[in-house]
Amino acid sequence: MKEIALVIHEDATLSTLTGAMDMLIHTNWLYQQTGKSLPFKLVLVGENERNDLLPVNPLYVGYSTMEKMSRPDLIVVPAFYGDRDSMLKKHRSFIKWISAKFEAGAEVASLCSGIYFLAEAGLLSGRSCTAHWHDMDDIVRRYPDINFLSDMVITDQEGIYTSGGAFSSLNLILYLIDKFCGREVGVWASKMFSLDMDRIRQSHFAVFKGQRQHNDDEILKAQTYIEENHHLQLNVDEIAERSNMSKRNFIRRFKKATKNTPFEYLQRVKIEAAKKALEKGSQNINLLMYDTGYNDIKTFREVFKKITGLTPQDYRRKYSRADLLMN
């Protein structure tokens with residue numbers, strides 16, 4: 001039996017906890033019905049004795065405090081609401097506790113924004129991880145020594161598990177059930193909760209808003225110019241000249257500020273425009289290609305799939321309201 005400690009506090013996104021608990025409890029039920037020993041012992045771990053933020057059936061989930069909790073096999077850290085700086089300061093005791101238990105041999109899993117607790121604990125330095133795509137710029141800025149994989153749904157490295165945004169965190173719980181209980185139970189859980197076992201990327205969910213969390217005014221102006229003129233045949237030399245910089249210096253400053261080269265940034269802006277057109281039901285891929293500044297359909301499709309993980313046609317089928325209504 002694996003003892004799983006689910007961190008709970010007043011700022012936790014409870015849906016991430018209840019979703020994980022539901023899947024793990026149902027897995028216990030499966031074992032119980034077949035006369036086998038239960039695979040999981042679930043414990044909600046809080047800061048205080050009065051840990052009633054999430055009422056549960058005591059037959060399936062217990063309560064404990066950080067002080068009383070011995071080393072669990074796995075710690076699950078939920079997403080949280082609120083300003084990142086204030087929340088990380090407020091819950092410093094949890095961060096220290098997670099770090100200490102990991103050092104003692106516990107594995108750790110983060111759900112969505114729960115990754116901040118792991119990063120603050122120093123557990124992600126030099127490791128790969130993922131979280132909600134919306135947090136990418138902030139996480140990369142705060143923790144430059146981690147390898148943030150924004151398009152991944154799950155990472156598993158040296159006893160540390162991280163998950164993508166929002167309800168995609170349930171894919172991590174499914175992965176853990178499969179890993180701890182075996183493939184047969186994993187397939188059962190996949191069917192029971194209608195979750196795809198092979199879903200590994202979340203890139204098609206991402207909305208590109210431009211990396212503007214920097215103080216380089218000239219690069220901000222260049223970003224604005226790209227966003228307003230992405231439909232034209234822009235090139236880096238022209239944009240650098242408008243910014244009164246040499247091409248080499250412009251590329252260096254642009255990448256330092258945005259974490260993308262100017263060419264990569266231009267591609268992402270073009271593809272975001274194409275995504276919005278497809279969501280509205282654009283039926284002619286060739287016209288859409290020209291409208292977003294491409295003149296070669298093969299290149300357009302290759303870049304679109306590289307960034308979103310889907311072809312333009314597949315993206316339209318998935319997100320176009322007109323296509324959804326017809327289906």
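**Exercise 1. Which strands does helix H6 lie across, and at about what angle does H6 run to S9?**

Before we start: this is a predicted model, so local features need pLDDT of at least 70 and side-chain atom pairs count only at pLDDT 80 or more, while totals for chains, interfaces and linings use all residues. Residues are numbered from 1 along each chain as its sequence is written, and side-chain values use heavy atoms, with hydrogens and water left out.

*Step 1.* Find the helix: H6 covers residues 169–181. Helices (H or I, at least four residues) and strands (E, at least two) are DSSP runs, numbered from the N terminus.

*Step 2.* List the strands: H6 lies across S1, S2, S4, S5 (107–110), S8 and S9 (160–163). A contact here is heavy atoms within 4.5 Å.

*Step 3.* Get the angle: H6 runs at about 145° to S9. Axes are lines fitted to C-alpha atoms, for helices over the stretch in contact, and angles run from 0 to 180 degrees between N-to-C directions.

**Exercise 2. Work out the strand order of the open sheet and name its edge strands.**

*Step 1.* Walk across the sheet of seven strands: the order is S3-S2-S1-S4-S5-S9-S8, and the pairing is mixed. Two strands pair if DSSP finds at least two bridges between them.

*Step 2.* Spot the edges: S3 (61–65) and S8 (154–157) each pair on one side only.

*Step 3.* Add the twist: on average, neighbouring strands in this sheet are turned by 20° against each other, direction ignored.

*Step 4.* Place the other helix: H1 (residues 14–33) lies across S1, S2 (40–46) and S3, and runs at about 155° to S2.

**Exercise 3. Sort three strand pairs into parallel and antiparallel, with a residue pair for each.**

*Step 1.* Take S1 with S2: they pair in the parallel sense over six bridges. Alanine 5 has valine 43 in S2 as its bridge partner.

*Step 2.* Take S1 (residues 2–7) with S4 (residues 74–77): three bridges join them, and they run parallel. Here isoleucine 4 stands opposite leucine 74.

*Step 3.* Take S8 with S9: these run antiparallel, joined by four bridges. Threonine 155 stands opposite threonine 162.

*Step 4.* Check the turn: S8 and S9 form a hairpin with two residues between them, and glutamate 158 in that turn has a positive phi of about 55°.

**Exercise 4. Two non-glycine residues in loops have a positive phi: is each of them buried or exposed?**

*Step 1.* Set the cut-offs: buried means under 20% relative accessible area, exposed over 50%, and partly exposed in between (1.4 Å probe, protein chains only).

*Step 2.* Try cysteine 112, with a phi near 55°. It sits in the loop between S5 and H4 (115–120), and it counts as buried because its relative accessibility is 8%.

*Step 3.* Try asparagine 244, with a phi of about 60°. It's in the loop between H9 (236–242) and H10 (247–258), and it counts as exposed because its relative accessible area is 74%.

**Exercise 5. Describe the surroundings of aspartate 11 and asparagine 28.**

*Step 1.* Locate aspartate 11: it's in the loop between S1 and H1. Its relative accessibility is 15%, so it counts as buried.

*Step 2.* Skip residues up to four places away in sequence, and aspartate 11 touches Ala79, Phe80, Tyr81, Met87, Lys90 and His91.

*Step 3.* Locate asparagine 28: it lies in H1 and, at 8% relative accessibility, is buried too. With the sequence neighbours up to four places away left out, asparagine 28 touches Leu38, Pro39 and Phe40.

*Step 4.* Look at S2 as well: six of its seven residues are buried.

**Exercise 6. Put together a whole-chain summary.**

*Step 1.* Count elements: the protein chain has 15 helices and nine strands.

*Step 2.* Get the extent: the C-alpha atoms fill a box of roughly 65 × 45 × 30 Å along the principal axes.

*Step 3.* Get the burial: 51% of the 327 residues are buried.

*Step 4.* Check the contact range: of the contacts with a separation of 6 or more, 63% are between residues 24 or more positions apart.
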